[in-house]
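User: Please take a close look at the side-chain contacts in this structure. I would like one connected account of the charged pairs, the aromatic pairs and the nonpolar cores.

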Amino acid sequence: MEDQDPEVQQVDALIVGGGPVGLITAIQLSFYPELTISIIEKHPKSIQDTYGRAITLFPRTSEMLDQLNLADDLAQQCFACRKTVNYDKDGKEVQGRGWAFMENMGDTTWNFALVLRQKFQEDIFRKRLRELGGELEGEKELVGLQVLDEVESDGYKVKAVVRDCVTGMERIVRCKYLIGADGGRSFVRGALDIPFDGSTTEDKWVRIDGIIETDMPKCRGYGAIESPTHGNVLWVALDHGATRIGFAFTAERQKAYPEFNEEAAIAEAIASVKPFKLEFKQVDWFTVYSVGQRIARNFFVKGCVFLVGDACHTHSSGAAQGMNTGIHDAVNLGWKLSLILRRVAHPSLLETYENERRPNVQKLIDYDKDISRLMTMQLPEDWQGDPNADPNQTLGVVLQEASMFTSGLSIAFDSNILNVEGSAGALLVSPGQRGPDVKLQKPGTFEITRLHKETPNVAKFYIVVFAGDPEKTALPLKSLSEAISCSKFFPKADLIISWLTISAKIGPSAFELLGVTPVGKVFYDPEQTAHVRYGVDVTRGAVVVLRPDGWIATITEFGSKAVRELEDYFEKFIMVE
């Protein structure tokens with residue numbers, strides 16, 4: 001049989017595309033060495049390593065990367081942007097417009113825009129993948145794809161043909177799952193005839209990065225210049241002392257350039273930032289591209305092929321969401337696929353990937369349509385306000401209204417098998433919402449830590465016991481502890497479920513403080529900020545289940561009944577023997 005042919009490579013998952021989205025997916029699957037993963041990229045690394053492309057990570061993305069142990073390395077090299085500025089056409093500062101919302105991104109340690117060019121991000125991600133035993137195969141292109149319907153659902157259903165771009169040699173790869181992270185012109189999407197709904201406008205934008213000199217007063221931050229000729233001009237302080245300038249390139253201005261080269265990009269950048277002066281000491285990268293919004297009809301097809309990142313959605317760079325959205329895709333999918341490949345979760349869990357991600361992507365695309373028009377000095381197509389409204393002022397309002405979504409902190413999922421309303425009902429947080437990061441203290445040293453640091457994304461669920469004030473919750477805490485010790489389910493699920501206990505009081509001994517053997521690691525919340533942020537009454541307590549990706553799964557009341565409720569929750573999709 002073909003599966004036994006020594007020239008046919010068999011892997012659990014083949015990832016097509018070696019950008020940040022593909023790499024983040026590969027990293028998550030590589031946490032478990034028993035899984036076999038292959039990741040390919042058709043472009044040579046010399047091209048992939050050029051400057052430019054995506055630059056900005058918003059707080060929720062940074063939080064997710066923090067839980068993957070990647071964010072600290074990114075922060076070492078980034079420009080941490082907490083300041084914004086907006087100038088009108090005369091160079092006068094205007095408050096409250098443009099990117100002003102970025103100065104108030106709270107409720108997170110990562111309360112800033114992490115600006116780091118994609119080249120440097122990919123270096124960090126590839127290094128981490130190598131540390132986990134993986135390796136990106138460059139100059140390898142997917143040229144054939146077939147899903148074998150006759151193969152059973154847990155078999156190697158996908159037959160892929162991979163070509164070496166240097167030698168021209170082809171090989172066959174059989175995989176259980178294939179992830180298309182191969183960009184806006186996705187071969188995977190095309191090969192499976194997945195419709196890519198939407199449109200591309202005639203509007204063109206330019207982006208140029210480099211080392212510059214300028215007389216603009218506030219030039220090291222996230223800025224906007226309301227240009228009468230180039231729309232709402234983007235100005236971003238980049239890593240390593242560089243700067244990005246982005247602007248609309250109108251049809252009228254395009255006529256002046258038979259060829260749009262580096263010289264033309266510099267000339268237009270200088271014109272776009274008037275009345276300020278601008279001189280390029282070095283150009284790292286530039287591009288001109290058409291603006292459009294498209295979304296794949298399906299993100300998951302035939303039970304074994306996924307689309308992530310630009311392969312399933314494209315939009316303008318106006319709201320700086322491209323890579324953020326793709327990383328949300330990768331993180332949402334990665335842990336789920338890991339559980340299925342390790343045979344500890346039911347394959348139906350994978351259906352939640354499209355159900356959770358596609359509505360949020362559609363919301364972004366609808367919002368991006370308005371943003372991209374406003375940045376080119378046009379009011380939104382469905383605008384019902386004053387027809388003479390100032391697009392720059394309207395842009396500031398739209399960006400502010402969408403600030404929590406842009407930051408990623410309000411991205412939430414509807415109820416499904418993972419997000420279930422529990423007996424505690426909705427507190428200040430609800431199932432399907434992000435689990436807030438909160439400060440905690442470790443026993444003994446009282447060292448400060450954070451909940452996200454103690455709940456890394458290694459494809460494990462975390463049951464967080466908010467124990468409240470142990471003097472007031474002693475009886476339900478004791479009954480909860482006894483019920484856990486009698487459970488037949490949780491001892492068998494210890495590889496995919498971990499426990500934490502958070503006490504609203506502090507003491508020299510966690511055992512004596514709680515009055516029972518602690519459940520999992522214990523942390524102190526002496527100022528009760530964690531309990532308050534989650535809305536937990538310290539006289540009653542509660543049990544909060546966090547998904548591996550940090551979203552809230554369910555919340556139960558405190559006490560012995562919580563254990564049966566938790567067992568019922570997990571048994572719907574977790575498979576343990």
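Analyst: What follows goes through the salt bridges, then the aromatic contacts and nonpolar cores, and ends with a short sheet. The model is predicted.

Salt bridges come to 42 in total. One of them joins Arg434 to Glu63, with the closest N and O atoms 2.8 Å apart. The two residues are 371 residues apart in the chain: Glu63 belongs to helix H3 (residues 59-67), while Arg434 is in the loop between helix H12 (403-407) and strand E19 (439-441). Both Arg434 and Glu63 are buried.

A second pair is formed by Asp390 and Arg97, whose closest N and O atoms are 3.6 Å apart. Asp390 is in the loop between helix H10 (351-375) and helix H11 (391-401), and Arg97 is in the loop between strand E5 (84-87) and strand E6 (113-115), so this salt bridge ties together parts that are 293 residues apart in sequence. Asp390 has a relative accessible area of 29% and is partly exposed, whereas Arg97, at 18%, is buried.

In a third pair, Lys505 meets Asp469 at 3.6 Å, N to O. Here the parts tied together are 36 residues apart in sequence, because Lys505 lies in the loop between strand E22 (497-503) and helix H15 (510-514) and Asp469 in the loop between strand E21 (461-468) and helix H14 (474-486). Lys505 is partly exposed, with a relative accessible area of 33%; Asp469 is buried, with a value of 4%. Salt bridges with shared partners also join Arg60, Glu63, Asp107, Arg434 and Arg533 into one network.

Turning to the rings, the whole structure holds 26 aromatic pairs. In one of these, Tyr87 and Phe276 have ring centres 4.8 Å apart and planes at 65 degrees; planes over 60 degrees apart count as edge-to-face, so this pair is edge-to-face. Tyr87 is in strand E5 and Phe276 in the loop between helix H8 (262-272) and strand E15 (278-296), which puts them 189 residues apart. Tyr87 is buried at 2% relative accessibility, and Phe276 is buried at 10%.

Trp335 and Phe461 make another edge-to-face pair, with ring centres 5.6 Å apart and planes at 90 degrees. Since Trp335 lies in helix H9 and Phe461 in strand E21, the contact ties together parts that are 126 residues apart in sequence. Relative accessibility is 1% for Trp335, which is buried, and 1% for Phe461, also buried. Trp335 and Phe461 belong to one aromatic cluster with Phe489, Phe490, Trp499, Tyr569, Phe570 and Phe573.

Phe461 and Phe570 reappear in the largest nonpolar core, which has 146 residues; together with Leu65, Leu178, Tyr222 and Ile497, they touch the most other members. Helix H9 (residues 322-341) gives the largest share of this core, 10 residues. Apart from it lies another core of 21 residues, including Trp235, Phe247, Phe260 and Leu278.

Charged groups also sit over rings. Arg342 lies over the face of Tyr32, 3.6 Å from the ring centre, and Lys119 lies over the face of Phe120, at 5.5 Å.

Last is the sheet. Three strands in the order E3-E6-E4 form an open sheet with antiparallel pairing. Its edge strands, each pairing on one side only, are strand E3 (56-57) and strand E4 (79-81). The antiparallel pairing of E3 with E6 runs over 2 bridges, and Leu57 has Leu114 in E6 as its bridge partner.

How values were computed: Residues numbered from 1 in each chain as written. Predicted model: local features only at pLDDT ≥ 70, side-chain atom pairs only at ≥ 80, totals over all residues. Heavy atoms only, no water. Salt bridge = Lys/Arg side-chain N within 4 Å of Asp/Glu carboxyl O. Helix = DSSP H or I, 4+ residues; strand = E, 2+ residues; numbered from the N terminus. Buried < 20%, exposed > 50% of the residue type's maximum accessible area, 1.4 Å probe, protein only. Pairing = 2+ DSSP bridges. Core = buried A, V, L, I, M, F, W, Y, C linked by side-chain atoms within 4.5 Å. Phe/Tyr/Trp six-rings, centres within 6.5 Å; stacked < 30°, edge-to-face > 60°. Lys NZ or Arg CZ within 6 Å of the ring centre and 35° of its normal.
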